[in-house]
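This report looks at one sheet, the helix that lies across it, and a few residues with backbone angles worth checking by eye. Please keep the sequence and the structure open while reading.

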Amino acid sequence: MTKQAKIVLNCVGPYRFHGERVVKACIEGGASHLDISGEPQYLERMQLMYNNKAKEAGVYIIGTCGFDSIPAEMGVVFAQKKFQGEINSIEAYLDFEAKEGIAINVTTLESAVYGFAHADELKIGNVTTLESAVYGFAHANELKSLRRSLYPEPLPKPSFKLPKRGAVHKNEVVNKYCVPFMGSDKSVVNRTQRYNYEHNKQRPIQFDPYIACSGILQLIGMMVFGIIFAVLSKFSFGQSLLIKLWTESSDQGRDCHNTAL
């Protein structure tokens, strides 16, 4: 199939299980590969293993071409183009709302937390969203060694370091309580900043993404579920339980509504 195509759009996840074989087939068949993954381990492992092979084959292997992480990437690029001068740092705030019968399909931990916490009022489909989050969180420790191999030379330390927010803070712009966004956005933006620094001699931009909560109850719900999710994701029994509960509480309704960055 890849020998007959110029571009393959891979939408089958979780990518840590199903992604590599498609990437490999595309390189061997001479087709470029796009995916909508939001899994940092998969994305960075593919870069480490297949970057040079893709160059030799003359094809492109491009990940995160969906909600993860086009808004974040293009938002940073847009800011760079419009800002008169060098940008030191950017903080991004994701604010979304979901109405009854509508699901937010984001392959990130945040989507799993929000959706599961409101499963009684939402029609949520696409179990691979949760699977990607579960297995990504369970194997988060892989990233350290992976990044040491992928990036042996650290980026220069910034003169003005972006201050770290607490686990919860209230942002005056969106006027909501916010927590760190645990998706792939930061990883993807940082990869681009590293490329621009190494190849174009551009100053790396520090980037921190956050997600806004509509109220105290949602914030508490997310934090409680986040703790439960983190504990269960570390064990095979817990992983199976999370996926089973999600499957039983969901149907095939999938749409996005009122998403704003």
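Two strands are said to pair if DSSP finds at least two bridges between them. In this predicted model, strand E2, residues 32-35, and E3 pair in the parallel sense over two bridges, and Leu-34 has Ile-62 in E3 as its bridge partner. The pairing belongs to an open sheet of three strands, ordered E1-E2-E3 and parallel in its pairing; its edge strands are E1 (7-10) and E3 (61-62), each of which pairs on one side only. Helix H1, residues 15-29, lies across E1, E2 and E3 and runs at about 175° to E1.

The loops hold two cis peptide bonds, listed here with their omega values.

| Peptide bond | Omega | Loop |
|---|---|---|
| Gly-13 to Pro-14 | near -5° | Pro-14: between E1 and H1 |
| Asp-68 to Ser-69 | near 0° | Ser-69: between E3 and helix H3 (70-82) |

The loop between E3 and H3 also contains Thr-64, whose phi is near 50°, a positive value in a residue other than glycine. Is Thr-64 buried or exposed? With a relative accessible area of 4%, Thr-64 is buried, because buried means under 20% relative accessible area.

Asn-175, in the loop between strand E5 (169-171) and strand E6 (176-180), likewise has a positive phi, near 60°, and is a residue other than glycine. Asn-175 is exposed, however, with a relative accessible area of 54%, since the cut-off for exposed is over 50%.

Conventions
Residues numbered from 1 in each chain as written. Predicted model: local features only at pLDDT ≥ 70, side-chain atom pairs only at ≥ 80, totals over all residues. Heavy atoms only, no water. Helix = DSSP H or I, 4+ residues; strand = E, 2+ residues; numbered from the N terminus. Contact = heavy atoms within 4.5 Å. Axes fitted to C-alpha atoms, helices over the stretch in contact; angles between N-to-C directions. Buried < 20%, exposed > 50% of the residue type's maximum accessible area, 1.4 Å probe, protein only.
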